[in-house]
Amino acid sequence: MQKRILIADDHSAIRNGIKHILAGSYPSLEFGEATTAFEALQKLKDKHWDLLILDIEVPGRNGLEVLQQIKAERIKTPVLVFSFHREDQIAVRALKAGAAGYLSKDSADTELVNAIHQVLSGNKYISAAVAQQLVARLDNPDDKEPHEILSDREFQTLLLIASGKTVSEISEELSLSVSTISTYRGRILEKMSMRTNAELTSYVIRRNLI
């Protein structure tokens, strides 16, 4: 039976690249494309898809929130999160939110093909690096670093602050109000026992989160 894959990413080069890479191993694949979170969710509801490849930064909504909505609406399509964020930054969060796998966009083409094969076969896909993180969490379930107690949205805001973006720029990127982003920033500072953006940025850099 022909497999159908929906690619949710706002960069045409990424969408075309995925299709090109997979064409050799899966010549009969049927592809669909979405450039926003809303479009992806609507297409998931309109027809059956065997896999959603989801950019964690898809415009309109945070990818982790898209995963949560997919789970809440009982959409059965497995999701492979595909992102420029390194695996040790956000992979475990994505898996906890319901993803069937997580892969960095910096991974080799063969790794993407392997990940797709695993998920289409009904399995979960995790890299060796993510497996090590999961084992470490099992060994020390209460030993969390400050950034690990942040909500998904707070964590995303932390990374954007550390990248040098202003509150206004973050609000525009996440399609949220300036006051909402300011609230997230305040919660981040409180939870991490810090006072300034410079402290947050230093923390993120020391832990290689960006």
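This briefing covers selected helices, loops, buried residues and a pocket of one structure. The model is predicted. Helix α10 spans residues 197-206 and has buried residues along one face. The second largest pocket has a volume of about 260 Å³. Several single residues are also described, including T157, which is buried in helix α7, and S175, which has a positive phi.

**Helix α10 and what follows it**

- The buried residues of α10 are L200, T201, Y203 and V204.
- Viewed down the axis of α10, these buried residues fall within an arc of 160°, so they line one face of the helix.
- The other side of α10 carries the exposed residues A198, I205 and R206.
- Helices α7 (152-162) and α9 (178-191) are among the elements that cover the buried residues of α10.
- N208, just after α10, takes a positive phi of about 55°.

**T157 in helix α7**

- T157 lies in α7, the helix made of residues 152-162.
- The relative accessibility of T157 is 0%, so T157 counts as buried.
- Leaving out residues up to four places away in sequence, T157 touches I170, L174, I181, Y184 and I188.
- One of these residues, I181, is 24 residues from T157 along the chain, and the C-alpha atoms of the two are separated by 7.6 Å.

**The second largest pocket**

- This pocket, with a volume of about 260 Å³, is lined by 16 residues.
- Of the lining residues, E57, F84, H85, L160 and E173 are the closest to the centre of the pocket.
- Helix α7 provides the largest share of the lining, with 3 residues.
- The lining divides into 5 nonpolar, 6 polar and 5 charged residues.

**Loop serines with positive phi**

- Most residues other than glycine have a negative phi.
- S175 is not a glycine, yet has a positive phi of about 60°.
- S175 sits in the loop between α8 (167-174) and α9.
- With a relative accessibility of 52%, S175 is over the 50% cut-off and therefore counts as exposed.
- S193 is not a glycine either, and its phi is positive at about 55°.
- The loop between α9 and α10 holds S193.
- S193 counts as exposed because its relative accessibility is 67%.

**T77 in a loop**

- T77 is placed in the loop between α3 (63-72) and β4 (79-83).
- T77 counts as buried because its relative accessibility is 10%, and the cut-off for buried is under 20%.
- A polar atom of the T77 side chain lies 3.3 Å from the backbone oxygen of W49.
- Apart from neighbours within four places in sequence, T77 is in contact with L44, W49, D50, L51, L52 and I70.
- W49 therefore appears both in the contact list of T77 and, through its backbone oxygen, opposite the polar side-chain atom of T77, which is buried at 10% relative accessibility.

**S104 in strand β5**

- S104 belongs to strand β5, residues 101-104.
- The relative accessible area of S104 is 9%, so this residue is buried.
- The S104 side chain reaches the backbone nitrogen of D106 at 3.1 Å.

Key
Residues are numbered from 1 along each chain as its sequence is written. This is a predicted model: local features need pLDDT of at least 70, side-chain atom pairs count only at pLDDT 80 or more; totals for chains, interfaces and linings use all residues. Side-chain values use heavy atoms; hydrogens and water are left out. Helices (H or I, at least four residues) and strands (E, at least two) are DSSP runs, numbered from the N terminus. Buried means under 20% relative accessible area, exposed over 50%, partly exposed in between (1.4 Å probe, protein chains only). A polar contact is a pair of N or O atoms within 3.5 Å; within protein, one must be able to donate a hydrogen and the other to accept it, and residues adjacent in sequence count only if both atoms are side-chain atoms. Contact means heavy atoms within 4.5 Å. The arc is that of the directions from the helix axis to the C-beta atoms. On a 1 Å grid over the protein atoms alone, a cavity is a set of points where a 1.4 Å probe fits but cannot get out, and a pocket is an open set with protein on both sides within 12 Å along at least five of seven lines; lining residues have an atom within 4 Å of a point. Grid points are joined across faces, edges and corners, and a volume is the space filled by probe spheres set on the points. Ala, Val, Leu, Ile, Met, Phe, Trp, Tyr, Cys and Pro count as nonpolar, Asp, Glu, Lys and Arg as charged, and the others, Gly among them, as polar.
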